[in-house]
Amino acid sequence: MKDNYFKQIRLKSFDGSYSSDIFLKKPDKYRDIEKFSKDSQNLITMGSNYSYAPLSFYRESVVLDLKKFNRILNFNNKKKEITVEAGMKIFELLNFTLNYNLWIPQLPGYPYISLGGAVATNAHGKSCGTHGTIRKSIKKILLFHKNHGWLNLSNEENKEIFDLTVGGLGLTGTIVSITFNLKEFNFTEFLIIKNKIYSIEDSVKNLKIQNEENTFIYSWNIADDSKNFGKGYIFKIIPKKNGEKISKIENLKTNNFKIPVCLWNRFTIKILNKIYIKFLDLQKKETNEKFLNVIFPFVGKESYFKLFGPRGFIESQLLVPNNILGDFLGEIKNLCKIHKPLITLFSFKIISGEQTLLRFEGDGVCITFDFINNKENHEFLKEIDQLCIRYNVLPSISKDSRINKNIFDKCYTEAEIFREKLIKFDKNRVYQSEISNRLKI
Amino acid sequence: MNYLIIGASSGLGRELSYTFAKNKNNLIICARDIRDLKALKSDIENKFKIEVNALEVDITSKESIEKNLLKNQELLKEIDGILFPIGMMFENDEVGLDIEKINQLMHANFSSIAFIASSFISYKNKGIIVGFGSVSGYLGRELNPYYAASKRALESYFETIAFQNKKNQINIQFYTLGYLETNLSFGKKIILPKGSVKKLSQIVYKNKNIKFKKYFFPFWWRLIIFVIKIIPFSIILKSSSFLK
């Protein structure tokens, strides 16, 4: 290292699958970004490091932590536009824009994720069935590249790099600021309508019937019982007003408490699923919920992830096209009967958009599974990978850190196009992470 | 109230800007890079609905100070206080450093501050001037000798203006700082915990109406400096490896 402004630390991916020593740098001035980038051969930018897969670091890499770049650079209430620095967290953006009854609807489930990270992964929120992914809200990006310097990116300027950057996993450079088109949001809480479902077919049917403009809809299903596979609830969420202001979202209080072993097993999964379903059975069909609880359901439930212990977990998120959904789900059900995987979370939601480059986007149903990180589940997931290839199903590379180059190349039809465009833009491939090395991007 | 913050773009200066803005004070923020200032100005104005002026001033250059700051007499007359959360360091600051670099360090850490503070005193007979020194200024060492010397000079200057202004309504305050959670100490392995810039900025704001104040932050440095002062220099010299 040429300078002293770094800290050597060990970082772990959120899913616990990968850890490595890295050189962390925390720029707090614009010239720091320039200097730190120019001093490093290979680097990558980090927002909050909440990506499940290791997107923002690699073995002994230089990592630019953009936490200090969290300011509002411009706000135009009339035009409903805001420009913010990429290190700003989602909750910081909402705490400001909600005062003006504005927001971006494509919000990931955790408020402490950085906006730069959300752009680099093309985040999709709970309402992606109607609002699409965050790409739909992005107007402009300011990027810094070690060799190209400062670049304005938009549909009008440097369009090709703009397209590579949205959902490009931070491989085109450091996203420094983003201009968002905001949408009106005049509501203060949500009405949640719960409907019990008895199978995966029932889930999918209900999701499609109930999917309407300005509502969010998702399911929670159980996967621990082959007879009742897919039983659970559909949650339809409708924004409403109650006259009160949405309370400010507080910053995260870090809790470093760690559980030394995995507490999820066949028994605890079954018990907790039974308790939760009973709890939902006893609740009224319609309830009012606060903004924070609905938009950021994982806030306050962080211990769910800690229960996986030091080995962490695997999240598999699959985008299944509508035309093969029935067949694909049938195959999954059969594989579950054979392998009996330990699944702690199983959920469906509708997703819409157009799949290009590395983006987890397209028209279909998004299925999410959380697995205990053990050998049996890896075997099961290998079978799922083969199903993905056979059925043209898209696995999320930012969620599932197991995905290898072979699966990636076969499922992402534009993988090679992304590689070619990226190397054309950056022949030295300066920005690298674990995922870019694993998938040979 | 209107406050001028020199070195507002990062670290303590940035935090002080937010603390004073939160308390509904208008700001004039100065730093070398207008990009950082524009970002800070926009953020503060949007969040706190106060007025912020951003001036690009290179504190190592007399011309830049005169042209971009002091010539704007109307602006200076409006100021109710100046804060100097500024410090320049070079990685290769050691005996034998190039004279130009020594001058830069002296300008940034001492003479420019004295120049601006003196100009303020000549315009006003009421207000507050806050300086920030360093514990390194209490003892010459092998590391950062010119930085330490400039900070020692600064403390002496603040004592002087405190004497000079004891009968008028200008409050003089001087904070001697140990390691803070800023980029200057990022990654450094230090035995004692680093001080929080947020906490310090709140203390500075709270103390602003006190006539004269010398303050150590983090507080334990007061005790360490006291011990250093009572030990004969010859003994300190013998244990120099410990003090590196």
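This is a conversation between a trainee and a mentor about a predicted model of two chains, A and B.

Trainee: What confidence does the predictor give to the complex, and how does chain B score?

Mentor: The complex receives an ipTM of 0.92 and a pTM of 0.94. Chain B has an average pLDDT of 92, with 98% of the residues at 70 or above. Within chain B, the lowest mean, 60, belongs to helix α10 (residues 240-243), whereas α2(B) has the highest, at 98.

Trainee: What makes Leu357(A) buried, and why is Lys340(A) called partly exposed?

Mentor: A residue is buried if 20 or more other C-beta atoms lie within 10 Å of its own, exposed if 12 or fewer, and partly exposed in between. Leu357(A) has 21 other C-beta atoms within 10 Å, and therefore it counts as buried. Lys340(A) has 15 C-beta neighbours inside 10 Å, a value in the range between the two cut-offs, so Lys340(A) is partly exposed.

Trainee: What is unusual about phi in these two residues, when most residues other than glycine have a negative phi?

Mentor: Lys340(A) is not a glycine, yet its phi is positive, at about 45°, and Leu357(A) likewise has a positive phi, near 45°. Lys340(A) sits in the loop between α10 (325-339) and β17 (343-351) of chain A, while Leu357(A) belongs to the loop between β17 and β18 (364-372) of chain A.

Trainee: Which peptide bond is cis, and where is its proline found?

Mentor: The bond from Phe217(B) to Pro218(B) is cis, with omega near -10°, and Pro218(B) is in the loop that connects β7 (212-217) with α8 (220-230) of chain B.

Trainee: Why does Thr130(A) count as partly exposed, and what does it touch?

Mentor: Thr130(A), which is placed in helix α4 (residues 128-131) of chain A, has 15 C-beta neighbours inside 10 Å, and therefore falls between the limits for exposed and buried. Apart from neighbours within four places in sequence, Thr130(A) is in contact with Glu213(A) and Asn214(A).

Trainee: How do you know that helix α2 (residues 90-97) of chain A is mostly covered?

Mentor: In this helix, 6 of its 8 residues are buried, namely Ile90(A), Phe91(A), Glu92(A), Leu93(A), Leu94(A) and Thr97(A). The elements that cover these buried residues include β6, β7 (102-103) and α3 (115-120) of chain A.

Trainee: What makes both faces of strand β3 (residues 43-46) of chain A covered?

Mentor: In a regular strand the side chains alternate between the two faces of the sheet. In β3(A), Leu43(A) and Thr45(A) are on one side, Ile44(A) and Met46(A) are on the other, and all of them are buried. This strand also pairs in the parallel sense with strand β4 (residues 62-65) of chain A, over 4 bridges, and Val63(A) is the bridge partner of Ile44(A).

Trainee: How do you know that β8 and β10 of chain A are paired, and in which sense do they run?

Mentor: Pairing requires at least two bridges, and strand β8 (residues 138-145) is joined to strand β10 (residues 174-181) by 6 bridges, with the two running antiparallel. Ile141(A) stands opposite Ile178(A) in β10(A). Both strands belong to an open, antiparallel sheet of 5 strands in chain A, ordered β5-β6-β10-β8-β9.

Trainee: Why are β5 and β9 called edge strands of that sheet?

Mentor: Each of these strands, β5 and β9 (149-154) of chain A, pairs on one side only. From one strand to the next, the twist averages 10°. Helix α2 (residues 34-48) of chain B packs on this sheet, where it touches β5 and β6 (81-85) of chain A, and its direction makes about 50° with that of β5(A).

Trainee: How many residues make the contact between the chains, and which element of chain A gives the most?

Mentor: Chain A brings 17 residues and chain B brings 15 residues. On the side of chain A that touches chain B, β5(A) gives the most, with 4 residues, and that side divides into 7 nonpolar, 2 polar and 8 charged residues.

Trainee: Which residues have the most contacts inside the largest nonpolar core?

Mentor: This core has 178 residues, and those with the most contacts inside it are Val119(A), Val365(A), Ile5(B), Ile29(B) and Cys30(B). Among the residues that Val119(A) touches are Ile141(A) and Ile178(A), the pair that stand opposite each other in the sheet.

Conventions:
Residues are numbered from 1 along each chain as its sequence is written. Chains are lettered from A and ligands numbered from 1 in the order in which they are written. This is a predicted model: local features need pLDDT of at least 70, side-chain atom pairs count only at pLDDT 80 or more; totals for chains, interfaces and linings use all residues. Two residues are in contact if their C-beta atoms, placed from the backbone, lie within 7 Å. Ala, Val, Leu, Ile, Met, Phe, Trp, Tyr, Cys and Pro count as nonpolar, Asp, Glu, Lys and Arg as charged, and the others, Gly among them, as polar. Axes are lines fitted to C-alpha atoms, for helices over the stretch in contact, and angles run from 0 to 180 degrees between N-to-C directions. A nonpolar core is a set of buried Ala, Val, Leu, Ile, Met, Phe, Trp, Tyr and Cys residues joined through C-beta atoms within 7 Å. pLDDT is the predictor's confidence in each residue, from 0 to 100.
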